[in-house]
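Visitor: Could you take me through one part of this model at close range? I would like to begin with the strands and how they pair, and then see what lies around them.

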Amino acid sequence: MNQDEKAIQKDSNVRKKQHVKWLSHPLSTLKGLFQTKHGDKAKPDKKKEKILRQTPEILPFVQIHDDYILMKNGVMDILQIQTKNIYALNEADLNYLLMNRTRFLRSYFRSYKEVILNFPANTEAQRTYWLKKRKQTTNPIRLEYIDQKLYEFDFLERERSNREFFIFVFADDKQELADRKHDAIQGMQQAFPLKELTQTKKEQILFLLNNQNTKL
């Protein structure tokens with residue numbers, strides 16, 4: 001064997017030893033060697049985004065009072081719009097309503113918001129009437145009729161809902177809010193009058209507005 005053949009044989013033996021040595025490394029060591037070879041650097045940890053844990057941090061409402069709602073920025077109040085059956089009106093009455101509504105939209109340029117929500121049907125007045133009649137009779141036929149009416153009221157309150165319309169009036173302070181409410185009530189008086197609401201009703205409105213998949 002000449003000198004060239006000996007050199008080739010020696011180089012082949014060295015390569016085989018290096019290959020066996022490479023395979024004998026554990027996987028973690030090989031991964032480290034591979035990363036070192038290519039100069040990879042560890043990626044920096046991303047900062048965790050701040051997550052709001054409480055609902056009050058998101059909602060703008062702070063306190064509910066009888067005549068206003070305190071917000072983080074300013075105050076507001078809720079008035080109910082008394083609707084009318086426009087399909088039962090003749091053309092002249094309908095045009096009169098539209099004209100007054102248009103006048104309000106042109107004159108009232110302050111911030112407000114109209115909201116439509118579905119509330120459960122309220123049959124409290126009818127239920128009170130028939131319960132009173134039930135106490136005043138002993139006729140079994142009439143008692144059966146009254147019980148049927150009460151059952152219908154339960155069904156309506158459980159399965160049916162009424163669509164109600166509200167207007168949110170906004171201001172920077174209580175005095176300004178009172179003036180804006182007065183202007184809104186006067187402007188809507190001839191078309192769709194506005195009605196003051198109780199504190200309980202306002203709480204229900206805000207609850208439904210922020211929990212739209214929940215029933216009262």
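Guide: Two strands count as paired here if DSSP finds at least two bridges between them. With that in hand, let us look closely at strand E3, keeping in mind that this is a predicted model. E3 covers residues 75-81, and seven bridges join it to strand E5, residues 161-171, with the two running antiparallel. One place to find this pairing on your screen is Ile81, which stands opposite Phe165 in E5.

E3 has other partners too. Strand E6, residues 194-196, is joined to E3 by three bridges, and this pair is antiparallel. Here you can start from Gln80, whose bridge partner in E6 is Lys195. Strand E2, residues 69-71, also runs antiparallel to E3, with two bridges between them. In that pair, Ile69 has Met76 of E3 as its bridge partner.

The link between E2 and E3 deserves a pause. The two strands form a hairpin with three residues between them, and Gly74 in the turn has a positive phi of about 95°. Going back along the chain, a further hairpin joins strand E1 to E2, this time through four residues. E1 spans residues 61-64 and is antiparallel to E2, with three bridges joining them. To see one of those contacts, find Gln63 and its bridge partner Leu70 in E2.

Now for the surroundings of E3 itself. Is this strand mostly covered or mostly open? E3 is mostly covered, as seven of its seven residues are buried, where buried means under 20% relative accessible area. Turn the strand and you will find both faces covered. On one side are Val75, Asp77, Leu79 and Ile81, and on the other are Met76, Ile78 and Gln80. Asp77 and Gln80 are thus among the buried residues of this strand. For the chain as a whole, buried residues make up 23% of the 216 residues.

Stepping back, it helps to place E3 in the overall order. The protein chain has seven helices and six strands, and along the sequence they follow the pattern α-α-β-β-β-α-β-α-α-β-α-β-α.

Two of the helices show how burial can be arranged around an axis. Helix H7, residues 199-210, has 12 residues that should span 16 Å at 1.5 Å a residue, and its end C-alpha atoms are 17 Å apart, which agrees. The buried residues of H7 are Lys201, Lys202, Ile205, Leu206 and Leu208. Viewed down the axis of H7, these buried residues fall within an arc of 165°, so they line one face of the helix.

Helix H5 has 20 residues and reaches 28 Å from its first C-alpha to its last, close to the 28 Å expected at 1.5 Å a residue. Its buried residues are Ile146, Leu150 and Phe153. Seen along the axis of H5, they fall within an arc of 55°, so they line one face of the helix. Pro140, Ile141, Glu144 and Tyr151 are exposed on the other side of H5. Arg158 also belongs to H5, and this residue is partly exposed because its relative accessible area is 46%, between the 20% and 50% limits. The C-alpha atom of Arg158 is separated by 7.9 Å from that of Ala121, although the two residues are 37 apart along the chain.

A similar pairing of distant positions can be followed from helix H6, residues 174-188, where Asp183 lies. Asp183 is partly exposed, at 32% relative accessibility. Its C-alpha atom and that of Phe104 are separated by 9.5 Å, with the residues 79 apart along the chain.

Finally, H5 brings us to the largest pocket. Strand E4 (112-120) and H5 (140-159) each supply at least two residues of its lining. Which element gives the largest share of that lining? The largest share comes from E4, with four residues. The pocket holds about 310 Å³ of space and is lined by 16 residues, with Asn118, Pro120, Ser161, Thr214 and Lys215 nearest its centre. The lining divides into five nonpolar, six polar and five charged residues. Ser161 is a good place to finish, since this residue of the pocket lining falls in the range of E5, residues 161-171, the strand that seven bridges join to E3.

How values were computed
Residues are numbered from 1 along each chain as its sequence is written. This is a predicted model: local features need pLDDT of at least 70, side-chain atom pairs count only at pLDDT 80 or more; totals for chains, interfaces and linings use all residues. Side-chain values use heavy atoms; hydrogens and water are left out. On a 1 Å grid over the protein atoms alone, a cavity is a set of points where a 1.4 Å probe fits but cannot get out, and a pocket is an open set with protein on both sides within 12 Å along at least five of seven lines; lining residues have an atom within 4 Å of a point. Grid points are joined across faces, edges and corners, and a volume is the space filled by probe spheres set on the points. Ala, Val, Leu, Ile, Met, Phe, Trp, Tyr, Cys and Pro count as nonpolar, Asp, Glu, Lys and Arg as charged, and the others, Gly among them, as polar. Buried means under 20% relative accessible area, exposed over 50%, partly exposed in between (1.4 Å probe, protein chains only). The expected span of a helix is 1.5 Å times one less than its number of residues. The arc is that of the directions from the helix axis to the C-beta atoms.
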